[in-house]
Amino acid sequence: MSTVKMSTQHEIGLMDSSLALGKLEINSPGSLDISHSVTKKGKTVQDGPQTHLNGCVPLSHQVAGHKYGVDKVGILQHPDGTVLKQLQPPPRGPREMQFYSQVYAEDCSDPVLLELQQYLPKYFGAWSSPDTPAELYLKLEDVTRKFQKPCIMDVKIGQRSYDPFASQEKREQQIKKYPLMEEMGFLVLGMRIYKVNSDSYETHDQHYGRGLVKETIKDGLSKFFYNGNGLRKDAVSGGIQKVEKILRWFEGQRQLHFYASSLLFVYEGSPQEGGPKMAASSPPGETPLPKARVPNDSVVAEFNNNIHVTGPGENGLRLGPLGQSLSGMYALHRRGCGQGRHGDTPDDVRNARQDQLWKFITQNPLEQPNGNAVQARREEEDGERRGPDLGGDAEVRMIDFAHVFPSQTQDEGYIYGLKNLLSVLQQILSE
Ligand SMILES: Nc1ncnc2c1ncn2[C@@H]1O[C@H](COP(=O)(O)OP(=O)(O)OP(=O)(O)O)[C@@H](O)[C@H]1O
Ligand SMILES: O=P(O)(O)O[C@@H]1[C@H](O)[C@H](O)[C@@H](OP(=O)(O)O)[C@H](OP(=O)(O)O)[C@H]1O
């Protein structure tokens, strides 16, 4: 039996005016208590049945990547429906935060980055809980949020899933995981499909994708579009149109290279048309979630199969985007963190340099304690910028930017991957 305990929340910065959420300690057997978790051999292990997540819960519909309760860092869902991605250890986490900050910078006037915004989840700044202010999260739009029964697939794109600064050990580790990456240019990391006939989700993890070879990739990928009754050609075609737009963006830009980055595919699995859907791009807290009263007067909001219990008072610190340019960040990266976690730089030197990089990120002035106004305006602009939605209900967004680097050439590896993925999707469509 779960108990819900409310406590007062300390708040820093402007409050999310439309959301009055409070800190909650949800105690239920089997749930996760981050503050009491311990790390053994790089894996987080629960040491008891406590939960202490400020109302945030592990993202239940996560199909790949680092997971709470399994890895040291993971992805949470905030009660307002956004996704919180915990910053990975330097240099990866700070690099991803810097990337989002730059793409979504208030004064960004670079047309390449402005166009890129529409292919990414919206970014609502860095976030941290008052309980653990040093633990930073990226606050992101949940790309699956508008769907009732989201079918989700994560596909890593590119011919190399390690960056140019990766150590030999890291390269070998990555190549060993999927030796076909160079030839295929993409790898299915995970998927979850809603089966209409059984009203349940079928899931496949990264091992499924790693088992796919040239001869089986079409059937392997098409599994994502079978709903138990037939092939969802509308979703295939919607996905193709979205990927084509991303490809055009890549063909027109020569300033960024993406390694080990993914495309997140989402389509509606629910056969019911016209059912209640949430606005896809509402700023956090501004779209009322479906609500049900529970006896203790907290509000339970349910969507995407996640249940969130919320109460009065904002539950967390929101930090605005940082204004530093990527080049400053990369200069530090080159000096300090070029070897990554598996490099051959002595540990003490690497740690000192990573500290320097970390301080650079965390100690810089926060320009916007709360990005709400900015976000609201962005939401309005967003509709105009995205233009008519030719891809139907299917969504394809780029995620995972821990290895994005400046460049002066086209990202051939990523483009190769997109083209091959498109070719396989076309084959599925013409079945
Ligand atoms: N904005 C988002 N909206 C919805 N789901 C998301 C979002 N971002 C991430 N996810 C979910 O979390 C998963 C992992 O995301 P991501 O790749 O960013 O994490 P990661 O831990 O960096 O992964 P990796 O271990 O591959 O580096 C995705 O497969 C997806 O299921
Ligand atoms: O899919 P798996 O088997 O969990 O393997 C992870 C996956 O390849 C991630 O993309 C990678 O992070 P990066 O892309 O950031 O390198 C991570 O590296 P890590 O072990 O160094 O965290 C791997 O462990």
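These are my notebook entries on the salt bridges and one sheet of this predicted model.

**Entry 1: salt bridges**

I began with charged side chains. Side chains of opposite charge can pair when their charged atoms come close. I looked up how many salt bridges the model holds, and the count is 13. I then went through three of the pairs one at a time.

**Entry 2: Lys195 and Glu202**

I checked Lys195 first. Its salt-bridge partner is Glu202, with 3.5 Å between the closest N and O atoms. Is Lys195 buried or exposed? Lys195 has a relative accessible area of 13%, so I put it down as buried, the limit being under 20%. Glu202 reads 26% and is therefore partly exposed. I also noted where the two residues sit. Strand β11 covers residues 186–195, and Lys195 is its last number. Strand β12 runs over 200–204.

**Entry 3: Arg232 and Asp234**

Next I looked at Arg232. Its side chain meets that of Asp234 in a salt bridge, at 2.9 Å from N to O. Arg232 has a relative accessible area of 17%, so this arginine counts as buried too.

**Entry 4: Arg397 and Glu395**

I turned to Arg397. It bridges to Glu395, and the closest N and O atoms lie 3.0 Å apart. How accessible is Arg397? The relative accessible area is 3%, so I logged Arg397 as buried. Glu395 is buried as well, at 8%. I followed the shared partners from here. They join Glu395 and Arg397 with Lys122, Glu141 and Lys146 into one network of salt bridges.

**Entry 5: the sheet**

I then traced an open sheet of five strands. What is the strand order? I read it as β12-β11-β10-β14-β19, with antiparallel pairing. The edges are β12 (200–204) and β19 (395–399), each of which pairs on one side only. I looked up the turn between neighbouring strands, and it averages 15 degrees, direction ignored.

**Entry 6: β10 against β11**

I zoomed in on one pair. Strand β10 spans residues 150–157, and it runs antiparallel to β11 (186–195). Six bridges link the two strands. For register, I noted that Ile152 stands opposite Arg192 of β11.

**Entry 7: the helix on the sheet**

Which helix packs on this sheet? I found α11, residues 412–429. Helix α11 touches β10, β11, β14 (261–268) and β19. I also took its direction against that of β14, and the angle is about 30 degrees.

Notes:
Residues numbered from 1 in each chain as written. Chains lettered and ligands numbered in written order. Predicted model: local features only at pLDDT ≥ 70, side-chain atom pairs only at ≥ 80, totals over all residues. Heavy atoms only, no water. Salt bridge = Lys/Arg side-chain N within 4 Å of Asp/Glu carboxyl O. Buried < 20%, exposed > 50% of the residue type's maximum accessible area, 1.4 Å probe, protein only. Pairing = 2+ DSSP bridges. Helix = DSSP H or I, 4+ residues; strand = E, 2+ residues; numbered from the N terminus. Axes fitted to C-alpha atoms, helices over the stretch in contact; angles between N-to-C directions. Contact = heavy atoms within 4.5 Å.
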